[in-house]
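Visitor: I would like a close look at a single part of this structure. Please take one strand and follow it outward, residue by residue, into its surroundings.

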Amino acid sequence: MATCAVSGTILDPSGAALTSLVVSARVNQSTLSGTSLIAPAQIATATDSSGNWTLTVQQSLSVLFTVQYPPVGTEPQRIESFTANIPAATSADFSSIIVIE
């Protein structure tokens, strides 16, 4: 199984790094890749002190990334979702693989 290290950086509007945000990925439904069944299990990581994160995902899949933002003031936790197509490459930048609809 060939994998791709997808990475990105999350900053606030002032350009400061946002730390400890959870970034996750999963396929929307079970899918076949060659002779393997890929289950819709979730993989996750957290942003580091510079706002950087990396997730290793199997190549040539369409996945759903989610980013969980902590509550601000009286707002509840916010979760944003992004569809992405994982390329047949060893690494990719998150901003270049998301599908803008």
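**Strand β7 and its surroundings**

Guide: A good place to start is a pairing across two strands, where Arg26 has Leu64 of β7 as its bridge partner. The model is a predicted one, and what follows should be read with that in mind. The bridge between Arg26 and Leu64 belongs to a wider pairing, since strand β2, covering residues 22-26, runs antiparallel to β7 and is joined to it over five bridges. In general, the strands of a sheet pair through backbone hydrogen bonds, in either a parallel or an antiparallel sense.

Stepping back, β2 and β7 sit within an open sheet of four strands, whose order is β5-β2-β7-β8 and whose pairing is antiparallel. The edges of this sheet are formed by β5 (43-46) and β8 (78-85), each of which pairs on one side only. Ignoring direction, neighbouring strands of the sheet are turned by 20° against each other on average.

Within β7, which spans residues 62-69, Thr66 deserves a closer look. With a relative accessible area of 13%, Thr66 counts as buried, because the cut-off for that class is under 20%. Its side chain makes a polar contact with the side chain of Ser24, at 2.4 Å. When neighbours within four places in sequence are set aside, the residues in contact with Thr66 are Val22, Val23 and Ser24, together with Ile79, Glu80 and Ser81.

One of these contacts, Glu80, leads to a charged pair: Glu80 forms a salt bridge with Arg78, and their closest N and O atoms are 3.8 Å apart. The count of salt bridges in the model comes to one. Glu80 itself is classed as partly exposed, because its relative accessible area of 27% lies between the 20% and 50% limits.

Strand β7 also takes part in the nonpolar interior. The largest nonpolar core has 22 residues, and those with the most contacts inside it are Val6, Trp53, Val63, Phe65 and Ile86. Two or more residues each come from β1 (3-9), β2, β6 (52-58), β7 and α1 (94-97), and β7 gives the most, with four residues. As a general tendency in soluble globular proteins, nonpolar side chains are buried together.

Trp53 shows how this core connects to its surroundings: leaving out residues up to four places away in sequence, Trp53 touches a list that includes Val6, Val23, Thr45, Ala46, Phe65 and Phe94.

Key:
Residues numbered from 1 in each chain as written. Predicted model: local features only at pLDDT ≥ 70, side-chain atom pairs only at ≥ 80, totals over all residues. Heavy atoms only, no water. Buried < 20%, exposed > 50% of the residue type's maximum accessible area, 1.4 Å probe, protein only. Polar contact = N/O pair within 3.5 Å; in protein donor to acceptor, adjacent residues only side chain to side chain. Contact = heavy atoms within 4.5 Å. Pairing = 2+ DSSP bridges. Axes fitted to C-alpha atoms, helices over the stretch in contact; angles between N-to-C directions. Core = buried A, V, L, I, M, F, W, Y, C linked by side-chain atoms within 4.5 Å. Salt bridge = Lys/Arg side-chain N within 4 Å of Asp/Glu carboxyl O.
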